[in-house]
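Q: Got a minute to go through this fold with me? I'd like the helices and the sheet sorted out.

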Amino acid sequence: LQRAGAKNQNGRVYPKDILMREVNEYKKIQPNENQLTKLLTWYAYCLTGETSQEKAFLSLGYKGSNGKSLLTKIHSESMSIYSQKLHLKTFDDGYEKSHKVFHKTITKGIRYAYLEEISKKEADVSLYKDFIDGNGKLNVEVLFKQTSLELNNYAKLTINGNHDPNF
């Protein structure tokens, strides 16, 4: 809310009334003030290009209708140019198309990447580490070539799930 009314780099202004509406939606889901502050701090961090904190956000709820997907929807729709839904299999061990997902993440300047669900398959922990590594680099294969590039990643990872991850 501190930046309400200020222009971003694209000349877009976020009016205070719209930002207040979003905060009020978050308060419905998380009425605990301390937890809400942590949540909003995470989402604010997701809008920056900074990745030095080496953090990811894991939201587990073993039942539905507890706000996990709604929080993601609020953030991803209100900041759609910075958001990307990742494929369920992106971090699965043996999934051969992760580089295609990461290509979009890197070339579109994505800041908030999210998984709606956690895959039940075994995860490739090294991919998780590479994604949240503070140096902000990801290897991306170049289409139709036998090479890859190491490019900057500005995205932070949020994972929602109804079961424990298989790390």
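A: Sure. One term before we start: two strands pair if DSSP finds at least two bridges between them. Also note that this is a predicted model.

Q: Fine. Which residue stands opposite T158 in β6?
A: Y114 does. A second such position has L115 opposite I159 of β6.

Q: How many bridges join β3 to β6 there?
A: 4 bridges. β3 covers residues 112-115 and β6 covers residues 156-161. The two run parallel.

Q: And how many bridges join β1 to β6?
A: 5 bridges, and that pair runs parallel too. Take S59: its bridge partner in β6 is N160.

Q: Zoom out. What's the strand order in the sheet?
A: β1-β6-β3-β2. The sheet is open, has 4 strands, and its pairing is parallel.

Q: Which are the edge strands?
A: β1 (56-60) and β2 (83-85). Each of them pairs on one side only.

Q: What does the twist average?
A: 15° from one strand to the next.

Q: Which helix packs on the sheet?
A: α5, residues 125-132. Helix α5 touches β1, β3 and β6. The direction of α5 makes about 135° with that of β6.

Q: Back to β6. Are its residues buried or exposed?
A: Mostly covered is the short version: 6 of its 6 residues are buried.

Q: Which of them point which way?
A: K156, T158 and N160 point one way from β6. L157, I159 and G161 point the other way. All are buried, K156 included.

Q: Why the alternation?
A: In a regular strand the side chains alternate between the two faces of the sheet.

Q: Switching to helices. What angle do α1 and α3 pack at?
A: About 170°, with their axes 10 Å apart. α1 is residues 16-29 and α3 is residues 68-78. Angles over 145 degrees count as roughly antiparallel, so α1 is roughly antiparallel to α3.

Q: Which residues meet there?
A: From α1, E22, E25, Y26 and I29. From α3, L70, L71, I74, H75 and S78. The residues of this α1 and α3 contact divide into 5 nonpolar, 2 polar and 2 charged.

Q: How about α2 and α3, what angle there?
A: About 35°, and the axes are 12 Å apart. α2 spans residues 33-46.

Q: Left-handed or right-handed crossing?
A: α2 passes α3 in a right-handed crossing.

Q: And which residues meet?
A: L39, Y43 and C46 of α2 meet L71, T72 and H75 of α3. By class, that contact of α2 with α3 has 4 nonpolar and 2 polar residues, with no charged ones. L71 and H75 of α3 also turn up in the contact with α1.

Q: Now the whole chain. How many helices and strands in the protein?
A: 5 helices and 6 strands. From the N terminus, the elements run α-α-β-α-β-α-β-α-β-β-β.

Q: What share of the residues is buried?
A: 37% of the 167 residues in the protein.

Q: Last one. What about contacts between residues at least 6 apart in sequence?
A: Among those contacts, 71% join residues at least 24 apart.

Methods: Residues are numbered from 1 along each chain as its sequence is written. This is a predicted model: local features need pLDDT of at least 70, side-chain atom pairs count only at pLDDT 80 or more; totals for chains, interfaces and linings use all residues. Side-chain values use heavy atoms; hydrogens and water are left out. Axes are lines fitted to C-alpha atoms, for helices over the stretch in contact, and angles run from 0 to 180 degrees between N-to-C directions. Angles under 35 degrees count as roughly parallel, over 145 as roughly antiparallel, 65 to 115 as roughly perpendicular and the rest as oblique. Contact means heavy atoms within 4.5 Å. Ala, Val, Leu, Ile, Met, Phe, Trp, Tyr, Cys and Pro count as nonpolar, Asp, Glu, Lys and Arg as charged, and the others, Gly among them, as polar. A crossing is left-handed if the near helix is turned anticlockwise from the far one by less than a right angle, and right-handed if clockwise. Buried means under 20% relative accessible area, exposed over 50%, partly exposed in between (1.4 Å probe, protein chains only).
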